[in-house]
Amino acid sequence: MKSGIVTILGRPNVGKSTLLNYLVQRKISIVTPKPQTTRFRILGVKNLKDAQIVFADTPGFHLAKSALNKYMVNVALKSLDGADLVYLMVEVNDYIGEEYPELLKHLKGLTIPVFLVINKIDMYKEEDILKTEEIFRSLYDFKEVFKISALTGKNVDSLIEKTVEYLPEGPAYFGEGEITDLPFNLQVAELIREKLYLLLKQELPYETAVTVEEIKERENGVLYINAIIHVAKETQKGIVIGANGSMIKKIGTATRLELQEILKKPVYLDLQVRVEEDWPKLEGKLKKLGYIIE
Ligand SMILES: Nc1nc2c(ncn2[C@@H]2O[C@H](COP(=O)(O)OP(=O)(O)OP(=O)(O)O)[C@@H](O)[C@H]2O)c(=O)[nH]1
């Protein structure tokens, strides 16, 4: 038996969460077209005949400096601790800028293998893919290089196969049927947050956080969930609620329908909006909203 943790690291929006979901064949990590969606380390467990791979999706590495941004980057880098292998995920025609040199600095001292995973090959020409490979190979001595599409699954099988080859011998970390370590209340909060990213415009989603306050199975079989959407300014509250409550209704309905589909039971979702003035800038408020600062 082989087992190990594979940390998926990369810039925002390269497709890390999409890959995690494809690997475990379940939507564990939320995916949106907006960068910086992921805020936690999210584990997804893949069981194979003679191996268990625990994949860790991480927040996108970037250089912004608010308390929330610093927290996210710290989560990503801390996810290297205890990893057995790293995927540095990039996308075809990725912009090197200042972020990659900084990110690669953190990989330079590692003794564990690092794979380069070039994503989104479904969108690009072969020559762009090869050029991207050449550029990244010149920046770091990757153990293996894969060119994949996390969306269609192209070449993901060979990535998994090679990953198992590099993993150490050892017993499974997770029991059969356990697919993630994300508690149910956080899974619900994440699904709501995904809808905020999909439905709210421009920068507003980045200034929202979600906490699930109560989950209760009612006698009539309905799952009652109470959640709060926290915003950073009074003016944002009205936008999240929308004219006559139209936006909050959209957010609630989309989340409720998805939860009912997953759980196969009726759900009552009670959503409220609360102002937590300037929360993304303030460490104390991040803590209050459930972000664990070490
Ligand atoms: N065409 C194409 N799009 C992809 C692929 N993988 C991901 N995407 C899209 O890229 C966008 C970002 O995907 P995510 O999986 O959320 O990216 P991420 O790296 O987890 O993003 P952060 O949470 O911001 O770090 C979404 O719109 C995905 O549908 C791919 O292989 N091909």
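# A walk through two annotated regions

Nine bridges link strand E8 to strand E9 (residues 267-275), and these two strands run parallel. This is a good place to start looking at the model, which is a predicted one. One rung of this pairing joins Ile229 to its bridge partner in E9, Val273. Another position to find is Asn226, which stands opposite Asp270 in E9.

Now turn to the other neighbour of E8. Strand E7 (residues 209-217) pairs with strand E8 (residues 223-231) in the antiparallel sense, over eight bridges. Here Val210 has Ile229 of E8 as its bridge partner. If you have just located Ile229 beside Val273 of E9, you can follow a path from Val210 through Ile229 and on to Val273. E7 and E8 form a hairpin with five residues between the strands, and in it Gly221 takes a positive phi near 90 degrees.

Put these pairings together and you have an open sheet of three strands, ordered E7-E8-E9, with mixed pairing. E7 and E9 are its edge strands, each pairing on one side only. On average, neighbouring strands of this sheet are turned by 15 degrees against each other, direction ignored.

Helices pack on this sheet as well. Helix H6 touches E7 and E8, and its direction makes about 130 degrees with that of E7. Helix H7 (residues 234-241) also packs on the sheet, where it touches E8 and E9; the direction of H7 makes about 155 degrees with that of E9.

What does the record say about this part of the chain? An unreviewed UniProt entry places the feature "domain: KH type-2" at residues 200-277. That span is 33% helix and 35% strand, and its end C-alpha atoms lie 19 Å apart.

H6 has a helix partner too. The axes of H6 (residues 184-199) and helix H8 (residues 246-263) come within 9 Å and cross at roughly 135 degrees. Angles over 145 degrees would count as roughly antiparallel, and 65 to 115 as roughly perpendicular; H6 and H8 are therefore oblique to each other. The crossing of H6 past H8 is right-handed. Which residues make the contact? On the H6 side they are Val188, Leu191, Ile192, Lys195, Leu196 and Leu199, and H8 brings Met247, Lys250, Ile251, Ala254, Thr255, Glu258 and Leu259. Sorted by class, this contact of H6 with H8 has nine nonpolar residues, one polar and three charged.

Let us move to the other annotated region, towards the start of the chain. The unreviewed UniProt entry places the feature "domain: Era-type G" at residues 2-169. Over these residues the chain is 33% helix and 23% strand, and the end C-alpha atoms are 4 Å apart.

There is a second sheet to explore. This open sheet has six strands in the order E2-E3-E1-E4-E5-E6, and its pairing is mixed. Its edge strands, each pairing on one side only, are strand E2 (42-47) and strand E6 (144-147). From one strand to the next, the twist averages 25 degrees.

To see one of its pairings in detail, look at strand E1 (residues 2-10) and strand E3 (residues 51-57): they run parallel, and seven bridges join them. Ser3 is a handy landmark in this pairing, with Gln52 as its bridge partner in E3.

Terms used. Residues numbered from 1 in each chain as written. Predicted model: local features only at pLDDT ≥ 70, side-chain atom pairs only at ≥ 80, totals over all residues. UniProt positions renumbered as here; feature names shortened; annotations may be inferred. Axes fitted to C-alpha atoms, helices over the stretch in contact; angles between N-to-C directions. Parallel < 35°, antiparallel > 145°, perpendicular 65-115°, else oblique. Left-handed = near helix turned anticlockwise from the far one by under 90°. Contact = placed C-beta atoms within 7 Å. Nonpolar A, V, L, I, M, F, W, Y, C, P; charged D, E, K, R; others polar. Pairing = 2+ DSSP bridges.
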